[in-house]
Amino acid sequence: MGAKRHFRVWRGDETGGDLQDYQVEVNEGEVVLDIIHRLQATETPDLACRWNCKAGKCGSCSMEINGMPRLGCMTRMSTFEESETVTVTPLRTFPVIRDLVTDVNFNYQKARETPAFAPPEDLAPGEYRMQQVDVERSQEFRKCIECFLCQNVCHVVRDHEENKKAFSGPRYFIRAAELDMHPLDAKTDRKDYAQASMGLGYCNITKCCTEVCPEHITITDNAIIPMKERVVDRRYDPIVWLGRKIFRRDQLSEGDGLGMSGLPQADGHGAEHKSGVNWHREVPAPQVAPVGDDGKLPISEITFDRAGGPSPFGDDVTFPLPPEGLNYAHPDRDK
Amino acid sequence: MATRIERHHYDVVVIGAGGAGLRAAIEARLAGKKTAIISKSLFGKAHTVMAEGGAAAAMGNVNSRDNWMVHYRDTMRGGKFLNNFRMAELHAKESPSRIWELETYGALFDRTKDGKISQRNFGGHEYPRLAHVGDRTGLELIRTLQQKIVSLQQEDKREFGDYEARIRVFQETTITELLLDGNKVAGAFGYYRESGEFVLFEAPAIVLATGGVGKSYKVTSNSWEYTGDGHALALRSGATLINMEFLQFHPTGMVWPPSVKGILVTESVRGDGGVLKNSTGKRFMFDYVPDVFRKQYAETEEEADRWYTDPDNNRRPPELLPRDEVARAINSEVKAGRGSPAGGVFLDVSTRMSADVIRKRLPSMYHQFKELADVDITKQAMEVGPTCHYVMGGVEVDPDTAAAAGTVQGLFAAGEVSGGMHGSNRLGGNSLSDLLVFGKRAGEHAASYADALTARPKVSTRDLETAVETALAPLERDGGENPYTLQQELQTVMGDLVGIIRRKGELEDSLVRLAELRDRVAKVSATGGRKYNPGWHLALDLRNMLVVSECTAKAALEREESRGGHTREDFPTMRPDWRRVNLVCSLDGDKVRLEHKPVPRMRAELIQLFDRAELAKYLTDEELAEFDALAEEAK
Ligand SMILES: Cc1cc2nc3c(=O)[nH]c(=O)nc-3n(C[C@H](O)[C@H](O)[C@H](O)COP(=O)(O)OP(=O)(O)OC[C@H]3O[C@@H](n4cnc5c(N)ncnc54)[C@H](O)[C@@H]3O)c2cc1C
Ligand code: SF4
Ligand code: SF4
Ligand code: FES
């Protein structure tokens, strides 16, 4: 028999609800979902919660545990102190149905809006030939279990209902990236589409999505940034060079005198840039980090290593910028 | 009627959104039928998502000697010759095309050096045969089919301006009753889990693809969905179930920590080099190779180890025996006191492969043990033991059309819910390909059945009212028992009395206990309202679990031999005369009736794929004489 521990679980539906207190037995080796199940089997048979596999494979049991978006079945009780109260709440970005169950239809709608795989016309079934190295990049994204934790954590839609229409979210950015990198996909405009119709530009690479992904998919570095990088050929996206600077500096070689090191002319896209940089045509409105009703920054507090929200320019950028790092191209130049 | 019921009209309704259901729906939609897909959980989360190892198809990409005939032989051997031969034949012949087709839907399997789909070894398969994606093949399969359905919806959107014009997914919707017009299927009744509101689908053709029954067992790799709904729906509408005594206990489930007991450790761990050891450190599987398999398996550790790199000149390690054999072996070791601390045995890869290779080849196992048990499988051995995994039995179907046998018309079944294909024991990897092959067939034939009807069957209001009453009963009843308590008791009865090793006395006892439970389940009550109320949902599932468990227990008592997924301590050997018998369950009122039916006889050209010495282990003398006569003729 394990010891009793203190749990708080949000109970209610779209009309309202609150956190309720429970003392529940916890045994060695148990996960949060086990505790929910114990509650169902004892005190609260009608406590609503989704689950299927109990092994982190189906992505059903998404919930927020002490404010952190997680899979209930993959959160071991041993990660909490014995005396710690464990608070379990439903995903905040989606409308609540009852208790821990939310209406995740937003995601299925976005899935539908993302153009499907376009098979190559000249190949019959059985004739597909692809090298392992070439499929691996897409395979990383196909590991996605559709738990929607990344969708839930993304500040663009978390508490911003108004952005939902235009923004597909990280889950569908990796879907677009997956198809873009698919060796045999016959559609060639995946990146443009992501930029034009999926709201890729809203993403300012806060990396919260990567942080919460239970499959450890490197959503930002491997999908979003490459997608953004390549759409800049035609469209300006301010976040790209910041993203490079902030997150991928380790991948740039030392001492190549970059100054504002992520600048386009330095990152290997040389050929394009010589022929005219078309970066600065649409000046983007910088995005203010959103705050919730309580005046606080929502998730960044949990996933960031410092207080306050991330700077949309990247936290290690100080102003003024060194002059050699500034870039400007007159709109006329690439007409 | 006071209760509001939402009504929908479809040509084909597919119950179940796993591999079989989705493949059936795609086919029905491609045949131009207005199709609905119904599932208890969210779209893309069905059980198929959990399959790890791969999908078996004799594509011959890794070993060019592989072909459908070899696959067919392996399947029949694995099922101990009780399989419906025609299903095994269709399966072996058609699975390569079904896998290749997935690539045109966007699937990305692991590749061979020359760019083809890579194939891996698995228990019971003579050659590397399982198309796979790391150890998350089921996820790839279901996601691919899900995305194909989305692409069909996008087509409809372009053509009709509506994504759901011809194919619609009703997720988190449970079907509790099939409604008939005479003997013809007329519709399916159920509720939305979310709101608790009722819904009626009127349709002339229904495909059951509801998966298995494992949730009736205490230790299982199956999720809450596996309550045998499809099996029970079929029975209640006049269809028959076969082979219900055969349950597959997967030899390697996690045994520690207690809360994850039963969760699967994929067979690829063994296929890729993992070995089983007891508490004395001995590789005990060498002691458990049964005579029928003696010729195909290595006798020394050295030979077994050489096989991984040189399979053509060595015999395979006994760790790769069919699942039933390995499960029994582990059971015996534990009983003999040579088990691990948590009551299993050790499965070790840490001493066999480098940490990098382990992480690369078994990523989700690495992850699973790390996260759930805090065990690093690159450094430590895993503790494993048998877990209830798969039900071979299911709806008796016509092999070519997947139409359910019995009195009902318009009912089709595919996937785990159907029976016959795997005989008494399923080979790993044969399920995923089974889903595709027979899912497609079921969809196709459901569509043509709907086409051929001259008049649409009608749902009667009486039936509908009864269905509503039955569904509401647990909520309206006070003072009955908690459904969770009853489920636990049922699981205990099945686990203890109708488990891996069965005995006459215990089976008889189980029937008595099940009858008691039946009375208590009839009085179960659920608290709370209709909105997303898992207690109510379980209360409704219980009667399905119960009737299916009864079929299993009855058939297990009847079959006086041991074969595949059915082991009788009191009849420890396989008996050729029993090989000719299928046990068929049907419902008579609310009583389960059991009948003997002959197993269909293999066609001449198929039986001649085997050599006589092998057949001699399975067939009766009479059958062997016929075989000899055939061979004589062929000369
Ligand atoms: C852990 C694990 C690993 C496995 N690994 C492999 C493997 O490597 N290779 C292999 O070949 N096989 C494997 N299997 C077996 C294989 O995954 C299953 O047999 C197969 O996925 C079953 O598919 P299905 O389409 O029949 O049903 P499922 O995928 O289980 O789908 C059933 C569907 O029916 C729905 N449903 C059920 N009842 C109702 C109802 N009353 N109303 C509405 N909807 C309902 C469910 O919601 C679900 O959508 C594995 C199984 C498990 C558990
Ligand atoms: S990086 Fe941040 S803004 Fe971009 S998708 Fe991920 S969570 Fe959203
Ligand atoms: S990308 Fe990761 S976090 Fe997002 S839905 Fe997929 S598995 Fe979940
Ligand atoms: S229950 Fe499947 S991921 Fe948690």
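**Two ligand shells, a sheet and a covered helix**

Let me start with ligand 2: its shell divides into six nonpolar residues, four polar and one charged. Keep in mind that this is a predicted model. Around ligand 2 we find Cys154(A), His155(A), Pro170(A), Cys203(A) and Cys209(A), among others. Lys207(A) is there as well.

Now ligand 3. Its shell has nine nonpolar residues, one charged and no polar. Among the residues around it are Cys144(A), Cys147(A), Cys150(A) and Cys213(A). Glu146(A) is in that list too.

Over to chain B, and a sheet. It is open, with five strands in the order S19-S17-S12-S22-S23, and the pairing is mixed. The edges are S19 (418-419) and S23 (591-598), each paired on one side only. Helix H15 (residues 534-558) packs on this sheet. H15 touches S12, S22 (581-588) and S23, and its direction makes about 45° with that of S23(B). Inside the sheet, S12 (residues 241-242) and S17 (residues 394-396) pair antiparallel over two bridges. Leu241(B) stands opposite Val395(B) there.

Last, helix H2 (residues 68-78) of chain B. How many of its eleven residues are buried? Nine are. They include Arg73(B), Asp74(B) and Arg77(B), alongside Val70(B) and Met76(B). What covers them? The cover includes strand S4 (55-56) and helices H3 (85-104), H11 (430-452), H17 (604-607) and H18 (612-616) of chain B.

Both ends of H2 deserve a look. At the start, a side-chain oxygen of Asn67(B) comes within 2.9 Å of the backbone nitrogen of Met69(B). Just after the helix, Lys80(B) takes a positive phi of about 55°.

How values were computed: Residues are numbered from 1 along each chain as its sequence is written. Chains are lettered from A and ligands numbered from 1 in the order in which they are written. This is a predicted model: local features need pLDDT of at least 70, side-chain atom pairs count only at pLDDT 80 or more; totals for chains, interfaces and linings use all residues. Side-chain values use heavy atoms; hydrogens and water are left out. A residue is near a molecule or strand if one of its heavy atoms lies within 4 Å of it. Ala, Val, Leu, Ile, Met, Phe, Trp, Tyr, Cys and Pro count as nonpolar, Asp, Glu, Lys and Arg as charged, and the others, Gly among them, as polar. Two strands pair if DSSP finds at least two bridges between them. Helices (H or I, at least four residues) and strands (E, at least two) are DSSP runs, numbered from the N terminus. Contact means heavy atoms within 4.5 Å. Axes are lines fitted to C-alpha atoms, for helices over the stretch in contact, and angles run from 0 to 180 degrees between N-to-C directions. Buried means under 20% relative accessible area, exposed over 50%, partly exposed in between (1.4 Å probe, protein chains only). A polar contact is a pair of N or O atoms within 3.5 Å; within protein, one must be able to donate a hydrogen and the other to accept it, and residues adjacent in sequence count only if both atoms are side-chain atoms.
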